[in-house]
Amino acid sequence: MAGSAHGHTPAAWTGVIISFIGFCIAGVFMVAANVPGFWGGIGVIVLGGIVGGVMKVAGLGMPKQSAAVVAAREAATESIKARA
């Protein structure tokens with residue numbers, strides 16, 4: 001995954017950070033036995049996914065790769081495997 005820069009985009013970081021904050025909110029309110037606060041935290045988690053998706057659509061996510069790039073990556077991978 002590190003070789004493909006999976007998730008290293010503003011859209012991914014923003015979505016994950018918002019969702020993590022929602023997870024923390026839901027956890028605190030779950031321990032405090034506060035049902036509305038818990039569901040508010042769950043709502044923030046869902047909001048994180050929505051914000052990340054909207055940012056990706058707006059162009060802040062990973063661009064889709066062309067067929068030529070995918071073919072070149074596969075050829076390079078096969079070349080490396082053949083040498084090993």
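**Exercises on a three-helix chain**

Ile21 is found in helix H1 (helices are DSSP runs of H or I, at least four residues, and strands are E runs of at least two, numbered from the N terminus). This is a predicted model in which local features need pLDDT of at least 70 and side-chain atom pairs pLDDT 80 or more, while totals for chains, interfaces and linings use all residues. Residues are numbered from 1 along each chain as its sequence is written, and side-chain values use heavy atoms, without hydrogens and water.

**Exercise 1.** Find out whether Ile21 is buried, partly exposed or exposed, and which nonpolar patch has Ile21 as a member.

*Solution.* Start with accessibility: Ile21 counts as partly exposed because its relative accessibility is 44% (buried is under 20%, exposed over 50%, partly exposed in between; 1.4 Å probe, protein chains only). Next, look for its partners: Trp13, Ile17, Phe20, Ile21 and Phe23 make a nonpolar surface patch of about 580 Å². Patch members have over 30% relative accessible area and no salt bridge, with nonpolar side chains joined within 5 Å and like charges within 9 Å.

**Exercise 2.** Work out where Ala11 sits and which residues distant in sequence it touches.

*Solution.* First, place Ala11 in helix H1, which spans residues 10–31. Then check its cover: Ala11 is buried, because its relative accessible area is 5%. Now list the neighbours: leaving out residues up to four places away in sequence, Ala11 touches Gly52, Met55, Lys56, Leu60 and Gly61 (contact means heavy atoms within 4.5 Å). Finally, take a backbone distance: 7.2 Å separates the C-alpha atoms of Ala11 and Gly53, which are 42 residues apart along the chain.

**Exercise 3.** Classify the aromatic pairing in this model.

*Solution.* Searching the whole structure gives one aromatic pair. The ring centres of Phe38 and Trp39 are 5.1 Å apart and the planes lie at 75°, so the pair is edge-to-face (centres within 6.5 Å, using the six-membered ring of Trp; under 30 degrees is stacked, over 60 edge-to-face, the rest tilted). Now compare the partners: Phe38 is partly exposed at 22% relative accessibility, whereas Trp39 is exposed at 55%.

**Exercise 4.** Describe the chain as a whole.

*Solution.* Count the elements: there are three helices and zero strands, in the order α-α-α along the sequence. For overall dimensions, the C-alpha atoms fill a box of roughly 60 × 30 × 15 Å along the principal axes. As for burial, 14% of the 84 residues count as buried. To finish, turn to contacts: among those between residues at least 6 apart in sequence, 59% join residues at least 24 apart.

Key. Accessible areas come from the Shrake-Rupley method with a 1.4 Å probe; for residues, only the protein chains shown count as cover. A salt bridge is a side-chain nitrogen of Lys or Arg within 4 Å of a carboxyl oxygen of Asp or Glu.
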